[in-house]
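Q: Please take a close look at a single part of this chain for me. I would like to see how that part fits into the whole.
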Amino acid sequence: QEEALCQAMEECSELATACNQYRRTVLMKGQPTSKTPDEAITNLKGELVDAIICIKELIMILGIEYSDLEKIEQEKIERTVRRLGL
């Protein structure tokens, strides 16, 4: 469990970095970056997949029921909809 948690933390950190790189490269045109827009989206996709895999592994390793996560997700979506007045 400890190794899976550490791996998930690392992958989430890499995802955050890829999100920032995408933001700077694609959304904030003119910001100096080392990647082209195509490279930034390709990297972001790869890091998203890595994070998703780690999350799925954690769910299995920790014995979390996916239905529990779906319930929490639905509650959070409903809260966001209420906050936005939709």
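A: Start with a word we need: a residue is exposed if its relative accessible area is over 50%, buried if under 20%, and partly exposed in between. Keep in mind that this is a predicted model.

Now apply the word to T42, a residue of helix α2. Its relative accessible area is 53%. The cut-off for exposed is over 50%, so T42 is exposed. T42 also has a partner to look at, Y22. The two residues are 20 apart along the chain. Their C-alpha atoms are separated by 9.5 Å.

Move along to I61. Helix α2 covers residues 37–61, and I61 is found in that helix. I61 has a relative accessible area of 42%. That value falls between 20% and 50%, so I61 is partly exposed.

I61 leads us to the part I want you to study, a nonpolar patch on the surface. I61 helps to make this patch, together with L5, L62, I64, Y66, L69 and I72. The patch has an area of about 580 Å². Which helix gives the largest share of the patch? Helix α3 does, with three residues.

So look at helix α3 itself. It runs over residues 66–84, which makes 19 residues. From its first C-alpha to its last, α3 reaches 27 Å. That is close to the 27 Å expected at 1.5 Å a residue. Just after α3 comes G85. The phi of G85 is positive, near 70°.

Step back to the whole chain. It has three helices and zero strands. Read from the N terminus, the elements run α-α-α. The radius of gyration is 17 Å, while the globule rule gives 12 Å for 86 residues. The chain's value is well over the rule's, so the chain is more spread out than a compact globule. Along its principal axes, the C-alpha trace spans about 45 × 40 × 15 Å.

Next, burial and surface. Of the 86 residues, 17% count as buried. The chain exposes about 6600 Å². Carbon and sulfur atoms supply 57% of that area.

Last, the contacts. Take those between residues at least 6 apart in sequence. Of these, 52% join residues at least 24 apart.

Now return to the patch. Find I61 in α2, then find the other patch residues, among them Y66, L69 and I72.

How values were computed. Residues are numbered from 1 along each chain as its sequence is written. This is a predicted model: local features need pLDDT of at least 70, side-chain atom pairs count only at pLDDT 80 or more; totals for chains, interfaces and linings use all residues. Side-chain values use heavy atoms; hydrogens and water are left out. Helices (H or I, at least four residues) and strands (E, at least two) are DSSP runs, numbered from the N terminus. The expected span of a helix is 1.5 Å times one less than its number of residues. Patches are made of residues with over 30% relative accessible area and no salt bridge: like charges are joined within 9 Å, nonpolar side chains (Val, Leu, Ile, Met, Phe, Trp, Tyr) within 5 Å. Accessible areas come from the Shrake-Rupley method with a 1.4 Å probe; for residues, only the protein chains shown count as cover. A salt bridge is a side-chain nitrogen of Lys or Arg within 4 Å of a carboxyl oxygen of Asp or Glu. Buried means under 20% relative accessible area, exposed over 50%, partly exposed in between (1.4 Å probe, protein chains only). The radius of gyration is taken over C-alpha atoms; the globule rule is 2.2 Å times the number of residues to the power 0.38. Contact means heavy atoms within 4.5 Å.
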